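This report describes a ligand site and the pocket around it, and then turns to the backbone of one loop. Please read it alongside the sequence and the three-dimensional view.

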Amino acid sequence: MEENMRKAIYPGSFDPVTYGHLDIIQRASKVVDELIIGILVNKTKKPLFSMEERFSLLQETTKEFPNVTVKTFEGLTIDFARQNGAKLIIRGLRAVTDFESEMQIAQTNHSIAPDIDTMFFTTCLEYAFLSSTIAKEVAYYGSDVSLLVPPVVAEAFRKKYNH
Ligand code: ADP
């Protein structure tokens with residue numbers, strides 16, 4: 001039974017989670033049996049939200065999906081997939097600008113681990129422009145982020161930027 005389960009990982013920085021990520025999570029969770037969100041510990045990037053904060057925001061915003069779990073990982077995405085017995089990596093594609101780097105990552109991963117595939121979901125038009133970076137910028141200047149991120153994330157921004 002366990003062997004036949006279609007497990008996937010969805011890796012990223014999620015600094016913080018946006019409606020764009022949640023759209024991918026919601027759609028991907030319907031085509032796999034289990035979806036494991038992996039928050040990457042990237043020592044070269046300085047995130048706005050700590051790992052604990054990103055973790056709890058993701059947990060809070062995905063609790064309605066029974067087959068979605070949140071984990072953190074360091075190192076290669078394919079190793080994280082293997083540790084979790086997943087053969088699929090989920091990624092989101094926003095615009096053509098995402099395409100080149102995503103292709104590069106997917107092809108590299110596939111050449112190292114031919115048994116693991118990457119599945120892309122194209123973003124819905126509403127969130128095609130949305131990234132965590134954009135949300136952070138809007139929040140930094142105290143503008144309304146309610147169309148970009150869920151209420152708990154908007155609240156976390158308010159605390160972070162003292163608005
Ligand atoms: P990274 O730092 O690896 O780009 P992110 O957390 O920004 O990680 O994104 C994780 C994944 O979610 C990536 O595949 C990214 O393309 C996708 N993604 C981010 N924002 C959106 C969005 N608005 N619509 C669809 N996919 C998105």
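## Polar contacts of the ligand

In this predicted model, a polar side-chain atom of threonine 123 is placed 3.2 Å from a nitrogen atom of the ligand. Two further contacts involve oxygen atoms of the ligand: an N or O atom in the side chain of arginine 91 lies 3.1 Å from an oxygen atom of the ligand, and for phenylalanine 14 a backbone N or O atom is 2.9 Å from an oxygen atom of the ligand. The ligand taken alone exposes 550 Å², and 88% of that area is buried by the protein.

## The shell around the ligand

The ligand is surrounded by 17 residues, the closest being Tyr10, Ser13, Phe14, Gly92 and Leu130. By class, the residues of this shell divide into six nonpolar, six polar and five charged.

The space that the ligand takes is the largest pocket. Among the secondary-structure elements, S1, H1, S4 and H4 each give two or more residues to the shell around the ligand.

## The largest pocket

The largest pocket holds about 1,000 Å³ of space. Its lining is made up of 42 residues, of which Pro11, Gly12, Ser13, Lys45 and Arg91 lie nearest the centre of the pocket. Two or more lining residues come from each of strand S1 (7–12), helix H1 (19–31), helix H2 (51–62), strand S4 (88–93), helix H4 (96–112), strand S5 (117–122) and helix H5 (132–140).

Of these elements, H4 gives the largest share of the lining, with five residues. In chemical character the lining of the largest pocket divides into 17 nonpolar, 15 polar and ten charged residues.

## Backbone of the loop between S1 and H1

Most residues other than glycine have a negative phi, and most peptide bonds are trans. Against that background, which residue of this loop has a positive phi although it is not a glycine? Phenylalanine 14, found in the loop between S1 and H1, has a positive phi of about 50°, and this residue also supplies the backbone atom that lies 2.9 Å from an oxygen atom of the ligand.

Proline 16 is likewise found in the loop between S1 and H1. The peptide bond that leads from aspartate 15 to proline 16 is cis, with omega near -5°.

Note on methods:
Residues numbered from 1 in each chain as written. Predicted model: local features only at pLDDT ≥ 70, side-chain atom pairs only at ≥ 80, totals over all residues. Heavy atoms only, no water. 1 Å grid on protein atoms, 1.4 Å probe; cavity = no way out; pocket = protein on both sides within 12 Å on 5 of 7 lines; lining within 4 Å. Points joined across faces, edges and corners; volume = space filled by probe spheres on them. Helix = DSSP H or I, 4+ residues; strand = E, 2+ residues; numbered from the N terminus. Nonpolar A, V, L, I, M, F, W, Y, C, P; charged D, E, K, R; others polar. Near = heavy atom within 4 Å. Polar contact = N/O pair within 3.5 Å; in protein donor to acceptor, adjacent residues only side chain to side chain. Areas by Shrake-Rupley, 256 points an atom, 1.4 Å probe, with all protein chains shown as cover. Sits in = over half its atoms within 2 Å of the grid points.
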